[in-house]
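Please look over the sequence and the model shown below. The report that follows goes through helices, surface and charged pairs in turn.

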Amino acid sequence: MSESPPTTPACYRHPGRETYVRCTRCDRSICPDCMREASVGFQCPECVAEGRRSVRPARTAFGGGTAGRHGYVTKVLIGINLLVMLLSIAADRGGDAAAGGTGFGGLLGGGTPLTEWGAVLGRAMFPDGTIGGVAEGEWYRLVTAMFLHYGVVHLLLNMWALWVLGRSLEAILGPLRFAALYFIAGFGGNVAIYLFTAPNRMSAGASTAVFGLFAAIFVIMRRLGRDTSAIVPILVINLIFTFVVPNISIAGHLGGLVFGALMALVLAYAPRSHRMLVQASGGALILVALLGLALVRTAALL
């Protein structure tokens, strides 16, 4: 009786290649081109792909992505503000856009055609006889105003605060949730300006959003059980500046503070079982409420 010689195992993906290595997960033979290093031995490409699909991506304590630790959103926001400042200076054509205005003893710059176009303005007549403002349908002002500044000093003060607060909050919340917080705080502050400031007075600056970040970091730190004793004095000092220094929008700062705190509460205290739904719904409700308040103000001005 003759015996057939033993066959050499071949790679299941490349039948012509002999191999004695097997995938530690499915036990199929794999050649060197198909080997994927694992914690123990090697795995085939299909098992590696299946393992990646079954592993849940890492999340922060509030459901955000861990990419927030890189601070990409914070850096993009600062970049946009810097770019808009350069455009504002260029649009001024030799005026006092960078410095020489009236705020902070003349250190802040004055208005420019760009700030005139994008600052929060309720309703007013311009020198050319046209009437403009949010009440006249220029709703974009409630958004663009948070990226415009009256001078370089005004810009640098806000960007320093954004750099310090933004990176910490983005790392904790994740990029998407941090961006939502920033937008709602800034938008809320601008709606507050629209509601409580004289309709013919312009206001602009990222401080509406920045004050929201101050409130948010206090709420978030409390939720995580961390010490907030260093945050309170800084917040109090900024509030004192808000009421003492002339040409600062009290309504904008307080509005940003309130709506930033509200959004932070939604993000921090959403139940884990329905976290994303509650966070998205809460943010949407705040946004709808702000739009409703703006509509009421518009009706009163017309």
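Where does UniProt place the feature "transmembrane region"? The unreviewed entry puts this feature at residues 72-91, 147-166, 178-196, 202-221, 228-245, 251-270 and 277-296. UniProt positions are given in the numbering used here, feature names are shortened, and annotations may be inferred rather than shown by experiment. The model is predicted, with local features needing pLDDT of at least 70 and side-chain atom pairs counting only at pLDDT 80 or more, while totals for chains, interfaces and linings use all residues. Residues are numbered from 1 along each chain as its sequence is written, and side-chain values use heavy atoms, with hydrogens and water left out.

**Annotated spans**

Helices (H or I, at least four residues) and strands (E, at least two) are DSSP runs, numbered from the N terminus. The table describes two of the transmembrane spans and the span that UniProt lists, in an unreviewed entry, as "domain: Peptidase S54 rhomboid", residues 137-268.

| Residues | Helix | Strand | Distance between end C-alpha atoms |
|---|---|---|---|
| 178-196 | 100% | 0% | 27 Å |
| 228-245 | 78% | 0% | 26 Å |
| 137-268 | 74% | 0% | 35 Å |

**Helices H7 and H9**

The expected span of a helix is 1.5 Å times one less than its number of residues. Helix H7 covers residues 207-223, and its 17 residues should span 24 Å. The end C-alpha atoms of H7 are 24 Å apart, so the model agrees with the expected value. Of the 17 residues in H7, 14 are buried, where buried means under 20% relative accessible area, exposed means over 50%, and partly exposed lies in between (1.4 Å probe, protein chains only). Just after H7, Gly-225 has a positive phi of about 75 degrees.

Helix H9 has 20 residues (250-269) and an expected span of 28 Å. Its end C-alpha atoms are 28 Å apart, which agrees. H9 is also mostly covered, with 14 of its 20 residues buried. At its N-terminal end H9 is capped by Ser-249, which has a side-chain oxygen 3.0 Å from the backbone nitrogen of Gly-252. A polar contact is a pair of N or O atoms within 3.5 Å; within protein, one must be able to donate a hydrogen and the other to accept it, and residues adjacent in sequence count only if both atoms are side-chain atoms.

**Nonpolar surface**

Which residues make the nonpolar surface patch of about 590 Å²? They are Val-232, Val-236, Ile-240, Phe-243, Val-244, Ile-250 and Leu-254. Patches are made of residues with over 30% relative accessible area and no salt bridge, and nonpolar side chains (Val, Leu, Ile, Met, Phe, Trp, Tyr) are joined within 5 Å, like charges within 9 Å. Areas come from the Shrake-Rupley method with a 1.4 Å probe, and for residues only the protein chains shown count as cover. Helix H8 (231-244) and H9 each supply at least two residues of this patch, and the largest share, five residues, comes from H8. Phe-243 lies in H8 and counts as exposed because its relative accessibility is 52%.

Two leucines elsewhere can be set beside it. Leu-86, in helix H2 (residues 72-92), is exposed at 57% relative accessibility. Leu-287, in helix H10 (residues 275-301), is partly exposed at 29%. The C-alpha atoms of Leu-287 and Phe-259 are separated by 9.6 Å, with their positions 28 residues apart along the chain.

**Salt bridges**

Side chains of opposite charge can pair when their charged atoms come close. How many salt bridges does the structure hold? It holds four, a salt bridge being a side-chain nitrogen of Lys or Arg within 4 Å of a carboxyl oxygen of Asp or Glu.

One of them joins Arg-28 and Glu-46 at 3.1 Å, N to O. Arg-28 lies in the segment before strand E1 (36-37) and Glu-46 in helix H1 (residues 45-54), so the pair ties together parts 18 residues apart in sequence. Arg-28 is partly exposed at 30% relative accessibility, and Glu-46 is partly exposed at 43%.

Another joins Glu-136 and Arg-123 at 2.4 Å, N to O. Glu-136 is in the loop between strand E4 (131-132) and helix H4 (141-144), and Arg-123 is in the loop between helix H3 (113-118) and strand E3 (124-125), 13 residues apart. Glu-136 is partly exposed at 35%, as is Arg-123 at 32%.

Glu-138 and Arg-141 also form a salt bridge, with their closest N and O atoms 2.7 Å apart. Arg-141 counts as buried because its relative accessibility is 2%.
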